Amino acid sequence: MSDTSLPAVRLLLLGYGHVAQAFLPLLASRSEWLGNELGVRPVISGIGTRSRGLHIHPQGIEVSLLAQETDPLQKFINASISVDDTESFIKTGTSAGAIILIELTTLNPQSGQPALSYIRSALQAGLDVITANKGPVAYALAELQTLASRQHAQFRFESTVMDGLPLINLAQFTLQGVNIRSFRALLNATSSLVLSMIEQGYTRDEAIAQAQKMGIAEADPWYDLDGWDAVMKTTILANTLMEGQLSPHMVERKGIRDL
């Protein structure tokens with residue numbers, strides 16, 4: 001339980017899939033550390049979902065209290081007010097004191113939308129933004145960084161590549177004097193696992209089902225298996241580590257759908 005005398009850091013959570021559902025208990029488990037080390041307590045001011053609507057709580061709910069619930073989302077919905085669209089979600093949440101948008105909506109590899117518009121609106125409202133969505137970063141990194149700087153806001157996207165390993169921050173803050181000229185990597189775990197299992201004798205569909213059961217493959221695995229996930233990561237790495245100006249459609253892509 002966090003110390004309620006500490007100042008609240010009010011968060012808007014947009015998207016409530018597997019990542020968001022894992023994020024809430026993780027954040028709750030770090031609440032005491034955040035209080036002791038940074039003197040703040042995390043509070044959820046809004047949760048927006050594709051299937052169950054967009055909801056704002058005027059005072060916010062302690063993340064440690066939400067994480068104790070069997071269905072944290074339903075607990076939040078019961079105590080909150082609903083809004084009609086994402087623009088209202090961001091505006092109402094900001095009025096309620098939210099300072100950070102955590103954007104975890106579904107990837108659209110063709111354009112990065114609508115997540116790109118969500119992030120753009122949040123930055124224009126002066127919110128700091130954290131995203132795990134590769135699309136907006138791959139399609140509009142320079143624009144979003146410029147907008148964030150103009151609004152004196154933070155735009156962070158570390159988990160778009162290599163999840164929790166701080167590769168982008170490492171390059172930005174620790175390796176500033178290093179001239180990175182190339183990179184080589186296996187950029188998609190789902191494709192690597194499925195190929196390995198096919199090699200062991202599984203059919204493609206059996207391998208996909210097993211990868212989903214293990215929690216590695218998404219419910220719709222084809223963004224990974226068609227190569228789009230690797231394309232997004234390649235674009236992000238080239239543009240962040242090597243000051244490139246790539247767009248995803250400039251990267252050669254070959255999936256494994258037809259194996």
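**Stop one: the lining of the second largest pocket**

Sort the residues that line the second largest pocket and you get twelve nonpolar, nine polar and three charged. You're looking at a predicted model, by the way. How many residues is that lining made of? It has 24, and those that lie nearest the pocket's centre are Gln 145, Phe 157, Ile 168, Gln 172 and Thr 240. Select those five and you'll have a good marker for the spot. Now colour the elements that each give two or more residues to this lining: α7 (134–150), β7 (155–156), α8 (167–174) and α12 (228–241). The space in this pocket comes to about 560 Å³.

**Stop two: a pair of rings**

Keep Phe 157 on screen, since it's one of the residues nearest the pocket centre, and add Phe 155. Searching the whole structure turns up one aromatic pair. How are the rings of Phe 155 and Phe 157 placed? Their centres are 5.4 Å apart and their planes meet at 40°, so this pair counts as tilted; stacked would need planes under 30 degrees apart, and edge-to-face over 60. Are these two residues buried or exposed? Phe 155 has a relative accessible area of 6%, so it's buried, because the cut-off is under 20%. Phe 157 also comes out at 6%, and so it is buried too.

**Stop three: charges over rings**

Next, select Trp 222 and Arg 257. The charged end of Arg 257 sits over the Trp 222 ring, 4.2 Å from the ring's centre. Then hop over to Trp 33 and show Arg 30 with it. Here Arg 30 lies over the face of Trp 33, and the distance to the ring centre is 4.9 Å.

**Stop four: a chain of polar contacts**

Go to Asn 188, in the loop between α8 and α9 (189–199). With a relative accessible area of 7%, Asn 188 is buried. What does its side chain touch? Turn on distances and check two places. A polar atom of the Asn 188 side chain lies 2.8 Å from the backbone nitrogen of Ser 191. The Asn 188 side chain also makes a polar contact of 2.7 Å with the side chain of Asp 229.

Follow that second contact to Asp 229, which takes you into helix α12, one of the elements you coloured for the pocket lining. Asp 229 is buried as well, at 5% relative accessibility. From here, one more step: the side chains of Asp 229 and Lys 134 are joined by a polar contact of 3.2 Å.

**Stop five: backbone oddities**

Time to hide the side chains and look at the backbone. Most residues other than glycine have a negative phi, and most peptide bonds are trans. Let's visit some exceptions.

Where is the cis peptide bond at Pro 114? It runs from Gln 113 to Pro 114, with omega near 0°. You'll find Pro 114 in the loop between β5 (100–103) and α6 (115–124).

Now pick His 152, in the loop between α7 and β7. His 152 has a positive phi, about 55°, and it isn't a glycine. Its relative accessibility is 74%, so it counts as exposed, since the cut-off for that is over 50%.

Last pick: Glu 243, in the segment after α12. Glu 243 isn't a glycine either, yet it has a positive phi of about 55°. Is Glu 243 buried or exposed? At 70% relative accessibility, it counts as exposed.

Definitions and conventions: Residues are numbered from 1 along each chain as its sequence is written. This is a predicted model: local features need pLDDT of at least 70, side-chain atom pairs count only at pLDDT 80 or more; totals for chains, interfaces and linings use all residues. Side-chain values use heavy atoms; hydrogens and water are left out. On a 1 Å grid over the protein atoms alone, a cavity is a set of points where a 1.4 Å probe fits but cannot get out, and a pocket is an open set with protein on both sides within 12 Å along at least five of seven lines; lining residues have an atom within 4 Å of a point. Grid points are joined across faces, edges and corners, and a volume is the space filled by probe spheres set on the points. Helices (H or I, at least four residues) and strands (E, at least two) are DSSP runs, numbered from the N terminus. Ala, Val, Leu, Ile, Met, Phe, Trp, Tyr, Cys and Pro count as nonpolar, Asp, Glu, Lys and Arg as charged, and the others, Gly among them, as polar. Rings of Phe, Tyr and Trp (its six-membered ring) pair if their centres lie within 6.5 Å; planes under 30 degrees apart count as stacked, over 60 as edge-to-face and the rest as tilted. Buried means under 20% relative accessible area, exposed over 50%, partly exposed in between (1.4 Å probe, protein chains only). A charge sits over a ring if NZ of Lys or CZ of Arg is within 6 Å of the ring centre and within 35 degrees of the ring normal. A polar contact is a pair of N or O atoms within 3.5 Å; within protein, one must be able to donate a hydrogen and the other to accept it, and residues adjacent in sequence count only if both atoms are side-chain atoms.
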